[in-house]
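Colleague: I have a model open and would like to look closely at one part of it with you. Could you take me through that part, and then carry on to whatever else deserves a look?

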Amino acid sequence: MGDVLHAMPAVSALREKHPEWMIGWAIEPAWRELLQAESEVNDVAWKFSGRDSRRPLVDLWTSVPTKEWKRRPVSLSTLRDIKALRRELLGDRYDICADMQGSVRSAVVGRMARAREFVGPAEPREAPAAWFYRRKVRVNAAHVVEQGCELLGASVGETLKPAKVTLPVDPAAEQWCDALLAGSRKRFALMAPTAGWGAKEWPPERYGAVAAALGRAGIRTLVNAASTEDAAGRRVVETSGGSATLVPCSVGQMISVVRRAAVVIGGDTGPLHLAAALERPVVGLYGPTDPARNGPYGTQARVLRHSSSRVDHARNRETEKGLMQITVDEVVEAALELMQAGQGKVKA
């Protein structure tokens, strides 16, 4: 999710310069609602139905269900899916393909398209990915959002600067969110307690303590969760003294909730970057990842990171020691300051 959101400002910049260009995105289907409202997915003419508020950025998206393929790597159904993907990409006849992720997986998919130009970073996240590129671009910017602009700009021979991201508006998700918030005019904080791996996750009990403190200040807390069985989210609620509510939701519903949040609190994780893309205030809790590269971009933010934290992308399960040094009081103070600064600017 974070990779998609970090690439979006570059694609938005390209779209602004060339509204007439056809732009497609190959994406894991779990994140398709970042590109197109779920209510559009079953439209018989969805692929070339044009851009509007439900699909504002790209003309089409291509499903690449690699997570599903990993579960059945040697099955005939996976082989058929890969062949169908290749036919679809070839049929779309791309002139340029840019690998914005820099993984072997994304490089293989990009090569399938057989575009005249296949461009990727000179130093991709996964070094073997570079073997698949026809042209390599050396990026120099510190932040991954700006790196994306360098890469995509070089792909088309232009200079791109990060542009405002417009995310889909799903009427069904908006109605769901209105019902969720019905009867409450209070501003609310949204917490995202999980992350890609354990080392990036601040303890859920501390999120619960923050929610309790915000509750004493009259602020409601919602906790983002993928399902009702989300262990971290449930633990936040259990330790919040009744001040937090678990909100299992789809990606489209999450977009609707984040649009209305007075502040979003979380680590280096997709919902935090979604909040930044929607220009909502964020409190970022950082440990083993570098906020200079992966921090919230383009929004009002307070990033908390202890001086003892060091960059380490090892997928450790235990919370990084530096991240553990961030206190509940620091997070509460940062959240209240942001909410005070943004008072009167929240749709709730």
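Where is Trp-69, and is Trp-69 buried or exposed? Please start there and take your time.

Modeller: Happy to. Trp-69 sits in helix H2, which covers residues 66–71. Please keep in mind that this is a predicted model. With a relative accessible area of 10%, Trp-69 counts as buried, because the limit for that class is under 20%. Along the chain, Trp-69 and Ile-82 are 13 residues apart, and their C-alpha atoms are separated by 9.0 Å.

Glu-68 brings us to the charged side chains. Arg-72 makes a salt bridge with Glu-68, and the closest N and O atoms are 3.1 Å apart. Both partners are partly exposed: Arg-72 has a relative accessible area of 23%, and Glu-68 has 28%. This pair does not stand alone, as salt bridges with shared partners join Glu-68, Arg-71, Arg-72 and Asp-81 into one network.

If you would like to see how such pairs are spread over the chain, the count for the model is 20 salt bridges. One of them is formed by Arg-15 and Asp-59, with 2.8 Å between the closest N and O atoms. It links distant parts of the chain: Arg-15 belongs to helix H1 (residues 2–17), while Asp-59 is in the loop between strand S1 (24–27) and strand S2 (60–63), 44 residues apart. Here both partners are buried, with a relative accessible area of 8% for Arg-15 and 15% for Asp-59.

Helix H1 also holds Lys-17, whose side chain meets that of Glu-158 in a salt bridge at 3.9 Å, N to O. Glu-158 lies in the loop between helix H5 (144–156) and helix H6 (171–181), so this pair ties together parts that are 141 residues apart in sequence. If you colour the model by accessibility, Lys-17 will come up as partly exposed at 44%, and Glu-158 is partly exposed as well, at 25%.

One further residue of helix H1 is worth a stop, namely Val-11. Val-11 is buried, with a relative accessible area of 9%. From there you can step across to Arg-111: the two are 100 residues apart in sequence, and their C-alpha atoms are 20 Å apart in space.

Arg-111 is part of helix H4, residues 104–112, and is partly exposed, with a relative accessible area of 33%. Arg-111 also takes part in a positive surface patch, together with Arg-86, Arg-114 and Arg-134. Why can Arg-111 meet the accessibility condition for a patch while counting as partly exposed? Its relative accessible area is 33%, and a patch residue needs over 30%, whereas the exposed class asks for over 50%.

Another member of that patch, Arg-114, is found in the loop between H4 and strand S4 (117–121). Arg-114 counts as exposed, at 55% relative accessibility. Its backbone deserves a glance too, since Arg-114 has a positive phi of about 55° although it is not a glycine. Most residues other than glycine have a negative phi.

There is a further case of this kind at Glu-279, which is not a glycine and yet has a positive phi of about 60°. Glu-279 lies in the loop between helix H10 (270–277) and strand S10 (282–286). At 40% relative accessibility, Glu-279 counts as partly exposed.

Let me finish with the cysteines. The count of disulfides is zero. Cys-177 is in no disulfide, and the nearest cysteine sulfur, that of Cys-249, is 8.9 Å away. Looked at from the other side, the closest cysteine sulfur to that of Cys-249 is in Cys-177, and at 8.9 Å the two are too far apart for a bond, because a disulfide needs sulfur atoms within 2.5 Å. Both residues are buried: Cys-177 has a relative accessible area of 0%, and Cys-249 has 14%.

Terms used:
Residues are numbered from 1 along each chain as its sequence is written. This is a predicted model: local features need pLDDT of at least 70, side-chain atom pairs count only at pLDDT 80 or more; totals for chains, interfaces and linings use all residues. Side-chain values use heavy atoms; hydrogens and water are left out. Patches are made of residues with over 30% relative accessible area and no salt bridge: like charges are joined within 9 Å, nonpolar side chains (Val, Leu, Ile, Met, Phe, Trp, Tyr) within 5 Å. Accessible areas come from the Shrake-Rupley method with a 1.4 Å probe; for residues, only the protein chains shown count as cover. A salt bridge is a side-chain nitrogen of Lys or Arg within 4 Å of a carboxyl oxygen of Asp or Glu. Lys and Arg count as positive and Asp and Glu as negative; His and the chain ends are not counted. The place of a charge is taken as NZ of Lys, CZ of Arg, CG of Asp or CD of Glu. Helices (H or I, at least four residues) and strands (E, at least two) are DSSP runs, numbered from the N terminus. Buried means under 20% relative accessible area, exposed over 50%, partly exposed in between (1.4 Å probe, protein chains only).
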